[in-house]
Amino acid sequence: MPARAIPYRPHNHDACVSQALGDARRICQRQNARLTPIRERVLELIWQSHKPLGAYDVLAELASDGHNAAPPTVYRALDFLQQHGLVHRIASLNAFIGCTHAGQSHTGMFLICRACGNVLELTAPSVSTEVRRAATSEGFQAENTTLEIAGLCPRCQTEPGHE
C-alpha cells in the first residue's frame, strides 16, 4: 500500500475511516443497496490514505489481504461506491478518494497537491452556485460537476525544491 499521506488538516485518521464506513452502511441501508464485504473493504482501503488510489492499487491491497479479486471485481465495487456517493473519481489522476460529504448532493471540488499527491475535498457552495448559474445561462443542463485544482499544499509550499 502506498505510504499514508499526511493530511492537510490534523485529525484522528482512524476515527475518520470508522466514520466513513459507518456512513456507508447507513447510506446503503437507507437506499436498500447491498454493501458487500468486498465493497466495504475497497471503501476502507480508499479511506486509509489521503492520496487517491487507482483500481490496481486497490487490487494489489486486496491480494495482500488474501482476496482472490480480479480487476472487474474492483471496478464493479468502485462503480457501486461512486453510484452511491461514497467515493469520487479524480479524473486527472484516474484514481478514487473517499467522499467527505457522503449522502449529500454536492459538487465535487478537489485541491490536489502536485508534490505530495494529497487531495482535499473542498466545500465552496458559492462556487457551485456560480458554476450552475453560468451553465444555465448558456442553456446547458448540468448533471454532474467536478472541479480539480492542482497546486501545492501548505506543507509542500514550505519544502525546498517545490515552487
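These legends go with close-up views of a predicted model.

**View 1. The cysteines C28 and C99.**
A search of the whole structure turns up 0 disulfides. Why is C28 not bonded to C99? The sulfur of C28 lies 13 Å from that of C99, its closest cysteine sulfur, and this is too far for a bond. A disulfide needs two cysteine sulfur atoms within 2.5 Å. Seen from the other side, C99 is also in no disulfide, and its nearest cysteine sulfur is that of C28.

**View 2. Surroundings of the two cysteines.**
Are C28 and C99 buried or exposed? C28 has a relative accessible area of 1%, so C28 is buried. C99 has 5% relative accessibility, so C99 counts as buried too. The cut-off for buried is under 20%.

**View 3. The largest pocket and its centre.**
The volume of the largest pocket is about 590 Å³. Its lining is made of 23 residues. Which of them are closest to the centre? They are H88, H106, G108, N144 and T145.

**View 4. What lines the largest pocket.**
Two strands and a helix each supply at least two lining residues: β1 (87-90), β5 (146-151) and α5 (125-137). By residue type, the lining has 14 polar, 5 nonpolar and 4 charged residues.

**View 5. The largest pocket and the two domains.**
Where does the largest pocket lie? Domain 1 (11-98) gives residues to the lining, and domain 2 (106-162) does as well, so the pocket lies between them.

Key:
Residues are numbered from 1 along each chain as its sequence is written. This is a predicted model: local features need pLDDT of at least 70, side-chain atom pairs count only at pLDDT 80 or more; totals for chains, interfaces and linings use all residues. Side-chain values use heavy atoms; hydrogens and water are left out. Buried means under 20% relative accessible area, exposed over 50%, partly exposed in between (1.4 Å probe, protein chains only). On a 1 Å grid over the protein atoms alone, a cavity is a set of points where a 1.4 Å probe fits but cannot get out, and a pocket is an open set with protein on both sides within 12 Å along at least five of seven lines; lining residues have an atom within 4 Å of a point. Grid points are joined across faces, edges and corners, and a volume is the space filled by probe spheres set on the points. Helices (H or I, at least four residues) and strands (E, at least two) are DSSP runs, numbered from the N terminus. Ala, Val, Leu, Ile, Met, Phe, Trp, Tyr, Cys and Pro count as nonpolar, Asp, Glu, Lys and Arg as charged, and the others, Gly among them, as polar. Domain bounds come from an automatic or database domain assignment.
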